[in-house]
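Let's take a walk through this structure together. Keep the 3D view open and follow along.

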Amino acid sequence: MNVLIIGNNPKHAKLFSLFADKVSLLIKKDEFRPSSEMEDYHLLYSDATQSFQKKISEIKRIVTENNTDIIFTNRKDDLIIA
């Protein structure tokens, strides 16, 4: 099972890593704060200035390329896009 977490959230990544084969974090470049907790996860970087349509296309591409089974996010806007 592959999980995509939208946002800089290594605590949720750790939880999902207990049962997932691959955990990816989609992080906005302007919000990225490096952490040693994130070393075990596949990091993807997003441009925060993208339009709504470009964000949808980006997530669709990532889901297809990574064969994503679950998308997790805490933000309302990210949830709507996902």
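Start at Asn 67, which counts as exposed because its relative accessibility is 54%. Here, buried means under 20% relative accessible area, exposed means over 50%, and partly exposed is in between, using a 1.4 Å probe and protein chains only. You'll find Asn 67 in the loop between helix 2 (52-65) and strand 4. Its phi is near 50 degrees, a positive value in a residue other than glycine.

A word on what you're looking at: this is a predicted model, in which local features need pLDDT of at least 70 and side-chain atom pairs count only at pLDDT 80 or more, while totals for chains, interfaces and linings use all residues. Residues are numbered from 1 along each chain as its sequence is written, and side-chain values use heavy atoms, with hydrogens and water left out.

Now step back to the whole chain. It has three helices and four strands, running β-α-β-β-α-β-α from the N terminus on. The radius of gyration is 12 Å, close to the 12 Å that the globule rule gives for 82 residues, so the chain is as compact as a globular protein of that length. That radius is taken over C-alpha atoms, and the rule is 2.2 Å times the number of residues to the power 0.38. As for the elements, helices (H or I, at least four residues) and strands (E, at least two) are DSSP runs, numbered from the N terminus. Along the principal axes, the C-alpha atoms fill a box of roughly 35 × 25 × 20 Å.

How much of the chain is buried? Buried residues make up 37% of the 82 residues. Contacts (heavy atoms within 4.5 Å) give another view: among those between residues at least 6 apart in sequence, 42% join residues at least 24 apart.

Helix 1 is a good place to see burial at work. In this helix, residues 10-17, the buried residues are Pro 10, Ala 13 and Phe 16. They cover an arc of only 115 degrees around the axis, so they sit on the same side of helix 1; the arc is that of the directions from the helix axis to the C-beta atoms. What covers these buried residues includes strand 1 (2-6), strand 2 (22-28) and strand 4 (70-73). Turn to the face pointing away from the buried side, and you meet the exposed residues Lys 11 and Lys 14.

Next, look at strand 3 (residues 42-46), where Ser 46 has its place. Is Ser 46 buried or exposed? Ser 46 counts as buried, because its relative accessibility is 6%. Leaving aside neighbours within four places in sequence, Ser 46 is in contact with Leu 26, Ile 27, Lys 28, Lys 29 and Glu 58. Ser 46 and Asn 74 are 28 residues apart in sequence and 16 Å apart in space, C-alpha to C-alpha.

Our last stop is helix 2, which holds Phe 52 and Arg 61. Phe 52 counts as partly exposed at 46% relative accessibility, and Arg 61 counts as partly exposed at 42%. Beyond its neighbours within four places in sequence, Phe 52 is in contact with Ile 80 and Ile 81. The C-alpha atoms of Phe 52 and Asp 77 are separated by 9.5 Å, with their places 25 residues apart along the chain. For Arg 61 and Ala 82, 21 residues apart along the chain, the C-alpha separation is 12 Å.
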